[in-house]
Amino acid sequence: MRRTAGPGESSRASRHWWDRNADEYQDEHGAFLGDDRFTWCPEGLDEADARLLGDPAALKGLDVLEIGAGAAQCSRWLAARGARPVALDISFRQLQHSRRIDLVRGGDPVAVVQADAAVLPFADGSFDLACSAYGAVPFSADTGALMREVHRVLRPGARWVFSVTHPIRWAFPDEPGVEGLTATASYFDRTPYVEQDEQGRATYVEHHRTLGDRVRELSTAGFRLLDLVEPEWPEGLDQEWGGWSPLRGRLIPGTAIFVAQRG
């Protein structure tokens with residue numbers, strides 16, 4: 001359903017939902033995500049090619065915060081390039097999968113922290129870079145506060161790069177087939193999507209912001225928008241992921257990636 005859901009309810013729902021579904025999620029998408037691959041989206045755009053974080057050679061020695069890290073696949077990619085990543089996620093079970101992968105692979109484990117992205121447990125100016133591939137931002141009720149928190153923990157000039165479902169998708173049913181090509185809702189309706197139990201308690205919450213909303217959130221928090229990337233569906237990719245499919249991907253954007261810099 002579509003109904004209001006505040007920060008507390010959204011945070012609790014996200015923590016419990018990801019704890020319950022982390023195993024299934026990693027089983028279903030683990031092969032696509034890899035153990036140490038940095039992919040931004042279901043379209044398969046890799047950081048190795050996109051370089052949205054900057055020159056990979058310049059990552060060496062940087063303190064990097066990955067927000068909504070899941071099993072920390074992106075953080076492992078960063079660590080392999082000499083960065084010092086910290087993988088943050090609200091779900092303890094997702095971070096257990098990070099530990100599982102580290103144990104299988106051997107070597108130094110990724111540093112992980114369980115926390116809400118809107119209340120980051122770090123000192124001011126702790127990081128040189130922050131990133132998030134579909135993590136935390138869509139599930140936060142107050143993304144203005146989240147942006148301010150990211151700004152706070154970054155050093156001057158640092159980049160903040162995050163990917164989310166393209167806002168235009170909220171006007172369409174989340175279906176991979178032809179039924180997902182007809183707009184059935186208002187793009188301007190910011191009412192959250194909520195799944196709830198029989199007692200009316202939210203079990204899953206996702207929040208919508210327009211492109212303009214995202215730009216204003218970043219600007220208000222003290223960031224400068226450097227780029228807005230809308231990955232096109234690549235030739236040869238025939239895998240469906242939820243509402244993502246070759247059919248829809250060739251007609252409407254599925255992902256928006258915001259590249260911003262802290263002032």
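**A walk through the predicted chain**

Strand 1 and strand 2 run parallel to each other and are joined by 5 bridges, and within this pairing Glu 66 has Ala 87 of strand 2 as its bridge partner. The model in which this pairing appears is a predicted one. Strand 1 itself is largely enclosed by the rest of the structure, because 5 of its 5 residues are buried. The burial extends to both of its faces, with Asp 63, Leu 65 and Ile 67 covered on one side and Val 64 and Glu 66 covered on the other.

From this pair of strands one can step back to the chain as a whole. The protein chain contains 7 helices and 9 strands. Its radius of gyration is 18 Å, close to the 18 Å that the globule rule gives for 263 residues, so the chain is as compact as a globular protein of that length. Taken along the principal axes, the C-alpha atoms fill a box of roughly 50 × 40 × 40 Å. Of the 263 residues, 52% count as buried, and among contacts with a separation of 6 or more, 71% are made by residues 24 or more positions apart. The chain exposes about 11700 Å², of which carbon and sulfur atoms supply 51%. As for charge, there are 29 positive and 39 negative charges, and their mean positions lie 6 Å apart.

Returning to the sequence after strand 1, the loop between strand 1 and helix 3 holds Ala 72, a residue that has a positive phi of about 65° although it is not a glycine. Ala 72 has a relative accessible area of 0% and is therefore buried, the cut-off for burial being under 20%. Helix 3, which spans residues 73-80, has 6 buried residues out of 8, so it is largely enclosed by the rest of the structure. Those buried residues are Gln 73, Cys 74, Ser 75, Arg 76, Trp 77 and Leu 78. They pack against helices 1, 2 and 4 as well as against strands 1, 2 and 4. Helix 3 is followed by Gly 82, where phi is again positive, near 90°.

Helix 4 can be approached through one of its residues, Gln 94. The relative accessibility of Gln 94 is 3%, and Gln 94 therefore counts as buried. Apart from residues up to four places away in sequence, Gln 94 touches Trp 18, Ala 22, Tyr 25, Gln 26, Gly 70, Ala 71 and Asp 89.

Further along, Pro 121 sits in the loop between strand 3 and strand 4. With residues up to four places away in sequence set aside, Pro 121 touches Leu 88, Val 113 and Ala 115. Its C-alpha atom is separated by 9.1 Å from that of Val 153, although the two residues are 32 residues apart along the chain.

After strand 4, the loop that leads to helix 5 contains Ala 136, which, like Ala 72, is not a glycine and yet has a positive phi, here of about 70°. Ala 136 has 18% relative accessibility and so counts as buried. Helix 5, residues 143-153, is mostly covered, with 9 of its 11 residues buried; among these are Thr 143, Met 147, Glu 149, His 151 and Val 153. The cover over the buried residues of helix 5 includes strands 1, 4, 5, 8 and 9 together with helix 6. Strand 1 thus appears both in this cover and among the elements against which the buried residues of helix 3 pack.

Thr 182 lies in the loop between strand 5 and strand 6. Leaving aside neighbours within four places in sequence, Thr 182 is in contact with Ala 171, Phe 172 and Pro 173. The C-alpha atoms of Thr 182 and Phe 127, which are 55 residues apart along the chain, are separated by 42 Å.

The loop that holds Thr 182 gives way to strand 6, which runs antiparallel to strand 7 and is joined to that strand by 4 bridges. In this pairing Val 194 has Val 205 of strand 7 as its bridge partner. The two strands form a hairpin with 5 residues between them, and in the turn Gly 200 has a positive phi of about 85°. In strand 7, residues 202-206, 4 of the 5 residues are buried, so this strand is largely enclosed by the rest of the structure.

Notes:
Residues numbered from 1 in each chain as written. Predicted model: local features only at pLDDT ≥ 70, side-chain atom pairs only at ≥ 80, totals over all residues. Heavy atoms only, no water. Contact = heavy atoms within 4.5 Å. Rg over C-alpha atoms; globule rule 2.2 N^0.38 Å. Buried < 20%, exposed > 50% of the residue type's maximum accessible area, 1.4 Å probe, protein only. Areas by Shrake-Rupley, 256 points an atom, 1.4 Å probe, with all protein chains shown as cover. Lys, Arg positive; Asp, Glu negative; His and termini not counted. Charge placed at Lys NZ, Arg CZ, Asp CG, Glu CD. Pairing = 2+ DSSP bridges.
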